[in-house]
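Please load the model in a viewer and keep the selection panel at hand. The stops below name what to select and what is found there.

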Amino acid sequence: MPEALEFNPENIDKSELISVRSIRSDLHCHSVEGSPVDAVYTVTELARFYHDVLGVEFLGITNHYYGEDRLSAVQGGIDQAHELYPDLAFLNGLELDINLDGTIDIPENIEKSQLNIGSIHGKPNTDISDRILTALNNPYIDIVGHPGRYTKDLFGIDWDGICAEAATLDKALEINISELLNPDIEGASVERSADRVYLMKDEILCNLAKHKTKISIGTDLHQDQRVAGADTLGMEWRKMIEVLEKLQSYGITKDQVVNTLNYDELINWVNSHRKH
Ligand SMILES: [Zn+2]
Ligand SMILES: [Zn+2]
C-alpha cells in the first residue's frame, strides 16, 4: 500500500471538514473581457450569478495571458460589475502557462495581478513533476491550476513530493471542478480510461490530505461548456457540491481550502508568497 493511503480520514473531527457553507469564493473564472476567444460570460454575468444565486463574497477572474495586457480589459468589466453588485469583490488575476522547463513568462505588469494561477496546457509527455515543482517555486505563482491534466504518464508523477513542496511553500494545488468528475476534458490528445484517471485523482487527493496541502477550488468555465445548456453556472455549482463531498471523504479540512478565506485573508496569503 502506498504510504499516502495509510492516511485515515476517519481520524479527523467532522466539524473541521470542508463544506459548501464555508466556501466564500470561486478562484478560477474566465471572462469575456480580456479573454474573448475562450470565455462565455462577462464579469457582470458572472457577478449576477455568484451574488444573486450563491451569495459568494468574491471572485478571482483569471484569464489566460498570451503576451497581451489582459488585466486592464478585465478591470473595466470588474468596475462595471462592482457598480451593480457593490458587496461582491473581485481579484483581477491571471492564468499563466507553465513552460516545458517549468519557467513562466511573467508579464511586465505582473505587480497589478492580484492572483496568479500557473497551469500546464499541452505537451503531456514531459516531466510533469519537475514542471510543477519549478512552477511552485516561482514567487509569482500562488496556485498550480488543474495539476494532473495533460498527463500521459498517469502514475509517473510524484504527487507525494509535489504536495509536500506546495505545503512547505504554503501554495495551493487546484481542484478544478470542471475536470474532477469528468475525465473526458483532460486533454483530448491523451488516451486513457476513466478508471485510470480516477485512480490518479485518488493519489492526488490522498497526498493533499496527508500533507495538509493548501487547495484552491475553481470552476474554470470555458467556451466549450456553453453547449452544455443555458444554466451552465448552476450546473458548475452543483458539481462544486459533489466535489466538496468527495474532498470530505478524503479528510480535506476547511483550513486547507483557500476558498474559505475572506478577501483580506486571501490577499495576505498571496502577498506572503511575493516576499520570498
Ligand atoms: Zn487552464
Ligand atoms: Zn482556466
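**A stop in the core**

Begin by selecting I215 in this predicted model. Leaving aside neighbours within four places in sequence, its contacts are A172, L173, I175, L208, I252, Q256 and V257. Next, colour I61, L208, I215 and I252: these residues have the most contacts inside the largest nonpolar core, which comprises 67 residues. In general terms, nonpolar side chains of soluble globular proteins tend to be buried together.

**The whole chain**

Zoom out to the protein chain, where 8 helices and 7 strands can be displayed. Of its 276 residues, 45% count as buried. Among contacts with a separation of 6 or more, 78% are between residues 24 or more positions apart.

**The sheet**

Now show the strands. They form an open sheet of 7 strands with parallel pairing, in the order 1-2-3-4-5-6-7. Which strands are the edge strands? Select residues 25-29 for strand 1 and residues 214-218 for strand 7; each pairs on one side only. On average, neighbouring strands of this sheet are turned by 30° against each other, direction ignored.

**Strands 3 and 4, and a helix**

Select residues 89-97 (strand 3) together with residues 116-119 (strand 4): the two run parallel and are joined by 4 bridges. D97 has S119, in strand 4, as its bridge partner. Finally, add residues 70-84, which are helix 2. This helix packs on the sheet and touches strand 2 (58-64) as well as strand 3. The direction of helix 2 makes about 155° with that of strand 3.

How values were computed. Residues numbered from 1 in each chain as written. Chains lettered and ligands numbered in written order. Predicted model: local features only at pLDDT ≥ 70, side-chain atom pairs only at ≥ 80, totals over all residues. Core = buried A, V, L, I, M, F, W, Y, C linked by C-beta atoms within 7 Å. Buried ≥ 20, exposed ≤ 12 C-beta atoms within 10 Å, placed from the backbone. Contact = placed C-beta atoms within 7 Å. Pairing = 2+ DSSP bridges. Axes fitted to C-alpha atoms, helices over the stretch in contact; angles between N-to-C directions.
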